[in-house]
Amino acid sequence: MDAMLNIAVRAARQAGRIAVRSYERGGDLRVNEKSRNDFVSEVDRACEAAIIDELRGKFPNHAILAEESGGSKGRDGSDEFQWIIDPLDGTTNYLHGFPQWSISIGLRYRGLMEQAVVYDPLREELFTASRGGGAMLNDRRIRVSDRRGLEGALIGTGIPFRDQSHLTSYLSMLAAMVRDTAGIRRPGSAALDFAYVAAGRLDGFWELGLSPWDFAAGALLVAEAGGTVSDLAGGDRFFETCNLVAGSLKVHRAMIERLKPFRGGDLAA
């Protein structure tokens, strides 16, 4: 498994070099709108191609789920190992020159996340984790914060921007979460938000309607840094619901309780 993490790091760094080279000419990039408020650039595609080429070259029998090219099984038809890739998490930030975006690569084996890489090439911050091996920022082990509850906590979130069917419920959650906390932050790259929870920079995080490539690597980072990741009900169905709450144990517990009144219907978990 260590070899797999090393290859994922190499792939993330290759994608990072591509992204940084194009970052300053953001206004000249070819951009398409996949759906409302959901953009893809030529850099997203180039980064994804570089990552997939690296992974396919070393692990041809592994399946891949990537944001731009979708899902595919390994050469032998297998999907026991699955790489989950977001080649540029925070594309809208990237296109506006807002320096909060990242590359996210996770490896899932028989339904469990095993390896995680979240890379911020602008700050040269490489977050990695292996199941059972802890979480790292560059060469330093990281842990979630030791805050005891929401009072004074700094909480991250993501405002629904693609599917806004739950916007009213989300705004109610936001109003409830603001109480007692030190503040709410919405930087715009979910992968980095999870990494920041793992590093103790954020005490907690929640978002509705994510995609697996947004959180697969980040969820393992938080877990291996001693934190908790769940669906809105506090369960483990977040890969199915794509609604997530993350934080240190006590902050996570307080967030789940604070969000409880707003669960219902298809937001039950």
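Start by selecting Val251 in this predicted model. Val251 has 0% relative accessibility and therefore counts as buried, the cut-off being under 20%. Val251 belongs to helix α8, which covers residues 249-259. Show the residues that Val251 touches, leaving aside those up to four places away in sequence: Arg147, Gly149, Leu150, Ile155, Asp203 and Gly204. For a sense of scale, draw a distance from the C-alpha atom of Val251 to that of Leu55. The two residues are 196 residues apart along the chain, and the separation is 36 Å.

**From Val251 to strand β13**

Two of the contacts of Val251, Ile155 and Gly204, are also bridge partners, with Gly204 in β13. Select strand β11, residues 154-158, together with β13; the two strands run parallel and are joined by 4 bridges.

Now keep β13 alone, residues 204-207. Which residues of β13 lie on each side, and are they buried or exposed? Gly204 and Trp206 are on one side, Phe205 and Glu207 are on the other, and all four are buried, so that both faces of the strand are covered. In a regular strand, side chains alternate between the two faces of the sheet.

Add strand β15, residues 244-247, which runs antiparallel to β13 and is joined to β13 by 4 bridges. Trp206 has Val245 as its bridge partner in β15, and Phe205 stands opposite Ala246.

**The five-stranded sheet and α5**

Widen the selection to the whole sheet. Its 5 strands follow the order β12-β11-β13-β15-β14, with mixed pairing, and the sheet is open. β12 (183-185) and β14 are the edge strands, each pairing on one side only. On average, neighbouring strands of this sheet are turned by 15° against each other, direction ignored. Helix α5 packs on this sheet, where α5 touches β11, β13 and β15; the directions of α5 and β13 make an angle of about 155°.

Select α5, residues 190-198. How many residues of α5 are buried? The count is 9 of 9. Among them are Leu192, Phe194, Tyr196 and Val197. Just beyond, check the backbone of Gly200, which follows α5 and has a positive phi, near 80°.

α5 also has contacts elsewhere: the helix lies across β5, β6, β7 and β8 (125-130), at about 100° to β7. Following those strands leads to the next sheet.

**The eight-stranded sheet**

Select the strands in the order β4-β3-β5-β6-β7-β8-β9-β10. These 8 strands form an open sheet with mixed pairing. The edges are β4 (70-72) and β10 (140-141), each of which pairs on one side only.

Within this sheet, pick β5, residues 81-89. β5 is mostly covered, with 8 of its 9 residues buried. On one flank, β3 (residues 63-66) runs parallel to β5, and 4 bridges join the pair. Two places to label are Ala63, whose bridge partner in β5 is Gln82, and Ala66, whose partner in β5 is Ile85. β6 runs antiparallel to β5, with 7 bridges between the two strands. One of the pairs to label here is Asp89 with Ser102, the latter in β6.

Next, show helix α2, residues 42-58. α2 lies across β3, β4, β5 and β6 (102-109), and runs at about 155° to β5.

**The second largest pocket**

Finish with empty space. Rolling a probe the size of a water molecule over the atoms shows where such space is left. Which residues lie nearest the centre of the second largest pocket? Select Leu112, Met113, Arg131, Phe238 and Phe239, which belong to a lining of 16 residues. The elements that give two or more residues to this lining are β7 (112-120), α6 (212-224), β14 (228-230) and α7 (238-241). The largest share, 5 residues, comes from α6.

Colour the lining by residue class to see 9 nonpolar, 2 polar and 5 charged residues. The space in this pocket comes to about 280 Å³. Two of the contributing elements have already appeared on this tour: β7 is a strand of the eight-stranded sheet, and β14 is an edge strand of the five-stranded one.

Notes:
Residues are numbered from 1 along each chain as its sequence is written. This is a predicted model: local features need pLDDT of at least 70, side-chain atom pairs count only at pLDDT 80 or more; totals for chains, interfaces and linings use all residues. Side-chain values use heavy atoms; hydrogens and water are left out. On a 1 Å grid over the protein atoms alone, a cavity is a set of points where a 1.4 Å probe fits but cannot get out, and a pocket is an open set with protein on both sides within 12 Å along at least five of seven lines; lining residues have an atom within 4 Å of a point. Grid points are joined across faces, edges and corners, and a volume is the space filled by probe spheres set on the points. Ala, Val, Leu, Ile, Met, Phe, Trp, Tyr, Cys and Pro count as nonpolar, Asp, Glu, Lys and Arg as charged, and the others, Gly among them, as polar. Buried means under 20% relative accessible area, exposed over 50%, partly exposed in between (1.4 Å probe, protein chains only). Contact means heavy atoms within 4.5 Å. Two strands pair if DSSP finds at least two bridges between them. Axes are lines fitted to C-alpha atoms, for helices over the stretch in contact, and angles run from 0 to 180 degrees between N-to-C directions.
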